[in-house]
Amino acid sequence: MKDLIQRLVESFGPSGYETAVTDTIRELVAPHADDISIDALGNLLVWKKGSSDRTIMFSAHTDEIGVVVTHVDENGFLRFSNVGGLDSQTLVGNRVRFASGTIGVIGREKGSLKDLSIEKMFLDIGAPTRDEAQKQVRVGDFGIIHREFVDLGQRMAAKSMDDRIGCVVLIETLKRIGSRSAHNVCFVFSSQEEVGLRGARTAAFAVNPDLGIAVDVTRTGDTPEAARMDVSLGKGAAIKIKDSSLVAHPKVRSLMTNLAEHHGIKHQFEVLERGGTDAGVIHITHEGVPSGTISIPCRYVHSASEMVDIGDVEACIQLAEAICQAELTEFPAKSK
Ligand SMILES: [Zn+2]
């Protein structure tokens, strides 16, 4: 599984430009799926047919935070804007990679260390003039933070664990349910989450599920002097209670808790004070969808080195698989 994680986290996929990621996932899931399609916004919809009349939608986003070039000056330096919630404090000295493979170093103007706004930063791709720079990068080009995957044993760090690790959870769940799916399951690999849950919104409308589950990373409170948060790396799948986008449906929360207890799946509960996931738009599609989120605990979210624990990833897969095989008596099928 670590090879799969490395392959996905090192892929290029800023919001709106997720094709390299969806192409890879499509190839990986093809032998296990009953139907695969890509919609106009770049969502990859992977179906597994089941024997019941109910439909579960899982969603993990393929996009990652990045930058977009806004200006090239006469000396070849590029100015940029954020794509999604870039943490400006983690940027200086990092590198940006463009789809073409061009790499730039992030520098900053003189000034107070307290002012680390993106407006004071620039990208240096090693080009001495505007003309030379524009042979490689143009205004409007999207880039990602360039950083390789590192295997630390039980834990791993990389850029875009948010949310390629969620994509891995869905791929593994699909593989493990094999031909035994009790329900119709649509695994959505959603686009443009980082800029406002956009892909999942249209995917949820199309799928019109009876139960919605987002799979995404969440923050932890287990590092030195961290903000107080009752989630730790290594303590299992985090069952979402609430974030800024969603109050998890009480029946979904109970379903996940009961399944975790019944199957002995390591779990914890998550209240995220700021932030949201695809479940934020799934639950308000059509006439409403009971929804929840399986969260993968992750340190240093939205940095170049997001860290997860392989045991937590495994627990999330087990929980997702258990949902696919559960009776779901509390979630009747809509008349569609
Ligand atoms: Zn995410």
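1. Two strands count as paired if DSSP finds at least two bridges between them. That definition applies to one open sheet in this predicted model, built from three strands in the order 10-11-17. The pairing in this sheet is antiparallel. Strand 10 (150-151) and strand 17 (306-309) stand at the edges. Each has a single partner strand, so one side of each is left without a neighbour in the sheet.

2. Look next at one pairing within that sheet. Strand 10 meets strand 11 (residues 155-158) over two bridges, in the antiparallel sense. Val150 stands opposite Ala157 in strand 11.

3. A hairpin comes next. Strand 1 (residues 35-38) and strand 2 (residues 44-48) run antiparallel and are joined by four bridges. Asp35 faces Trp47, which belongs to strand 2. Five residues lie between the strands of this hairpin, and Gly42 takes a positive phi near 95° there.

4. Now the metal. Which residues coordinate the zinc ion? They are His61 through NE2, Asp162 through OD, and Asp216, which is listed with OD twice. The distances run from 1.9 to 2.6 Å. Along the chain, the donors follow the spacing H-x100-D-x53-D. His61 sits in strand 3 (residues 55-61) and Asp162 in helix 4 (residues 161-177). These two are 101 residues apart, so the pair links distant parts of the chain. Both His61 and Asp162 are buried.

5. Why is the zinc arrangement irregular? The four donor atoms subtend angles of 52 to 145° around the ion. Four donors count as tetrahedral if all angles lie between 85 and 135 degrees. The range of 52 to 145° makes the arrangement irregular.

6. The backbone around Asp162 deserves a check. The peptide bond from Asp162 to Asp163 is cis, with omega near 5°. Asp163 is found in helix 4. Ser160 lies in the loop between strand 11 and helix 4. Its phi is near 55°, a positive value in a residue other than glycine. Is Ser160 buried or exposed? Its relative accessibility is 5%, so Ser160 counts as buried.

7. Glu225 is another residue to check. Glu225 has a positive phi of about 55° although it is not a glycine. It is found in the loop between strand 13 and strand 14 (237-242). Glu225 is exposed, because its relative accessible area is 83%.

8. Turn to the open spaces. The largest pocket has a volume of about 750 Å³. It is lined by 28 residues, and the closest to its centre are Arg219, Met229, Leu272, Arg274 and Val301. Strand 13 (residues 211-218) gives the largest share of the lining, three residues. By class, the lining holds ten nonpolar, eight polar and ten charged residues.

9. The second largest pocket has a volume of about 180 Å³. Among the residues lining it are Lys251, Ser254, Leu255, Asn258 and His262. Ala326, Glu327, Leu328, Thr329, Glu330 and Phe331 also line this pocket. Its lining has five nonpolar, four polar and three charged residues.

10. How many cavities of 30 Å³ or more does a search of the whole structure find? It finds two. The largest has a volume of about 70 Å³. Its lining includes Asp162 and Ser160, along with Glu64, Lys159, Glu194 and Glu306. Asp162 is also one of the zinc ligands. Four nonpolar, three polar and five charged residues make up this lining.

11. The second largest cavity has a volume of about 30 Å³. Its lining includes Leu86, Thr90, Leu91 and Asn94. Ile65, Ile145, His302, Ser303 and Ala304 line it too, and these five are also found in the lining of the largest cavity. By class, the second largest cavity has five nonpolar, four polar and no charged residues in its lining.

Note on methods: Residues are numbered from 1 along each chain as its sequence is written. This is a predicted model: local features need pLDDT of at least 70, side-chain atom pairs count only at pLDDT 80 or more; totals for chains, interfaces and linings use all residues. Side-chain values use heavy atoms; hydrogens and water are left out. Donors are N, O and S atoms within 2.8 Å of the metal (3.2 Å for Na, K and Ca); water is not among the atoms, so sites may look incomplete. Four donors count as tetrahedral if all angles lie between 85 and 135 degrees; four count as square planar and six as octahedral if opposite donors are over 155 degrees apart and all others between 65 and 115; anything else is irregular. Buried means under 20% relative accessible area, exposed over 50%, partly exposed in between (1.4 Å probe, protein chains only). On a 1 Å grid over the protein atoms alone, a cavity is a set of points where a 1.4 Å probe fits but cannot get out, and a pocket is an open set with protein on both sides within 12 Å along at least five of seven lines; lining residues have an atom within 4 Å of a point. Grid points are joined across faces, edges and corners, and a volume is the space filled by probe spheres set on the points. Ala, Val, Leu, Ile, Met, Phe, Trp, Tyr, Cys and Pro count as nonpolar, Asp, Glu, Lys and Arg as charged, and the others, Gly among them, as polar.
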